[in-house]
Amino acid sequence: MNIILLGPPGAGKGTQARKLVEERGMIQLSTGDMLREAKSSGTEMGNKVAAVMDAGELVTDEIVIGLIEEKLEGDHGGGFIFDGFPRTLAQADALGDLLSKHGTALTAVIAMEVNDDALVERITARSTCGNCGEGYNDISKPIPADQKCIKCGASDFKRRADDNEDSLRTRLMEYYKKTSPLLGYYHAKGDLKWVPGLGEIADVAAGINKVLDA
Ligand code: AMP
């Protein structure tokens, strides 16, 4: 099973992808995570994309398609969750070609339904454990008073450099201009499934599982 989680920044794609990895043994392919890793380890590509990412703009199709291409060479296991990819029509076409080259295809594209006010609130409040990736929210799931991650016990919490109001405005505009046309693209292919994305994490996950089990 190969699925895309599609939605604006802050919709909860990463959170839901991590749940699917735990529950279904799928492989999460997040181009945002791959690019952040390249940026923090200071590779040539990481240095090239750093300013673009911090500003909230999209990096080139060529770079992200190359990243995904490499990962598809590996183990197919329980299938892939594409998280934050594709973000343009060119990326969507490339993904279709790559999957068919590997003798596989998309099972579903899950569109997460949210509203912009909730996104701003979520993004400006969020942080993650730098060790295990567990997500926190200042309002609904604050970092424990003892400053230890509830999952792994580490005390290394991080906020993303692009989780500020300026970058967020650009990220939302990039989403509406370049990524939201994918909703029509996948609808026309018969792959698009809408899931309410505003509820509790478990309720959103239940909606996704209902689609996947249908
Ligand atoms: P994300 O973690 O998915 O929110 O991505 C963080 C940033 O990485 C984005 O704002 C872009 O600058 C870059 N990025 C991630 N995925 C892509 C993609 N598929 N295409 C272009 N840029 C991307």
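Where is the place of P86? In this predicted model, P86 sits in the loop between β3 (80-83) and α5 (89-101). The peptide bond that joins F85 to P86 is cis. Its omega is near -5 degrees. Most peptide bonds are trans.

Strand β3 precedes this loop. F80 belongs to strand β3. F80 counts as buried because its relative accessibility is 1%. A residue distant in sequence also lies in the surroundings of F80. A17 is 63 residues from F80 along the sequence, yet their C-alpha atoms are 9.7 Å apart in space.

A second backbone feature concerns Q147. The residue has a positive phi of about 60 degrees, although Q147 is not a glycine. Most residues other than glycine have a negative phi. Q147 is placed in the loop between β6 (135-137) and β7 (157-158). With a relative accessible area of 43%, Q147 is partly exposed.

The loop between β6 and β7 also holds C149. In contrast to Q147, which is partly exposed, C149 is buried, at a relative accessible area of 5%. Beyond residues up to four places away in sequence, C149 touches C129, C132, E134, Y136, A154 and F157. Two of these partners are cysteines, C129 and C132. C129 is 20 residues from C149 along the chain, and their C-alpha atoms are separated by 6.5 Å.

The cysteines were examined for disulfides. A disulfide is a covalent bond between the sulfur atoms of two cysteines. With a cut-off of 2.5 Å between the sulfur atoms, the count comes to zero disulfides. C132 is in no disulfide, and the nearest cysteine sulfur, that of C149, is 3.7 Å away. Seen from C149, the closest cysteine sulfur is likewise in C132, and the 3.7 Å between them is too far for a bond. C132 is partly exposed, with a relative accessible area of 29%, whereas C149 is buried.

Strand β5 contains S127. S127 counts as buried because its relative accessibility is 4%. Leaving aside neighbours within four places in sequence, S127 is in contact with E134, G135, Y136, I143, K158 and R159. Y136 and E134 are thus contacts of S127, and Y136 and E134 are also touched by C149.

Strand β5 (126-129) also takes part in the packing of helix α6. The buried residues of α6 are A118, L119, I123 and A125. They pack against β5, β6 and α7 (165-179).

V114 is found in the loop between β4 and α6 (116-125). Its contacts, not counting residues up to four places away in sequence, are P8, A11, L119, G197 and L198. Among these, L119 is also a buried residue of α6. V195 is 81 residues from V114 along the chain, but the C-alpha atoms of V114 and V195 are separated by 9.3 Å.

Helix α9 (residues 201-213) was compared with its expected length. At 1.5 Å a residue, its 13 residues should span 18 Å. The end C-alpha atoms are 18 Å apart, which agrees. An α-helix has 3.6 residues a turn, so residues three or four places apart point the same way. In α9, the buried residues are V204, A205, G207, I208, N209 and L212. These residues pack against two strands at β4 (108-113) and β8 (192-196), as well as against β1 (3-6) and α1 (13-24).

The second largest pocket has a volume of about 250 Å³. Three elements give two or more residues to its lining: β2 (27-30), α2 (31-40) and α4 (61-72). The lining consists of I27, Q28, L29, S30, D33, M34, E37, A38, M45, L67, E70 and K71. By residue type, six of these are nonpolar, two are polar and four are charged.

Terms used: Residues numbered from 1 in each chain as written. Predicted model: local features only at pLDDT ≥ 70, side-chain atom pairs only at ≥ 80, totals over all residues. Heavy atoms only, no water. Buried < 20%, exposed > 50% of the residue type's maximum accessible area, 1.4 Å probe, protein only. Helix = DSSP H or I, 4+ residues; strand = E, 2+ residues; numbered from the N terminus. Expected span 1.5 Å × (residues − 1). Contact = heavy atoms within 4.5 Å. 1 Å grid on protein atoms, 1.4 Å probe; cavity = no way out; pocket = protein on both sides within 12 Å on 5 of 7 lines; lining within 4 Å. Points joined across faces, edges and corners; volume = space filled by probe spheres on them. Nonpolar A, V, L, I, M, F, W, Y, C, P; charged D, E, K, R; others polar.
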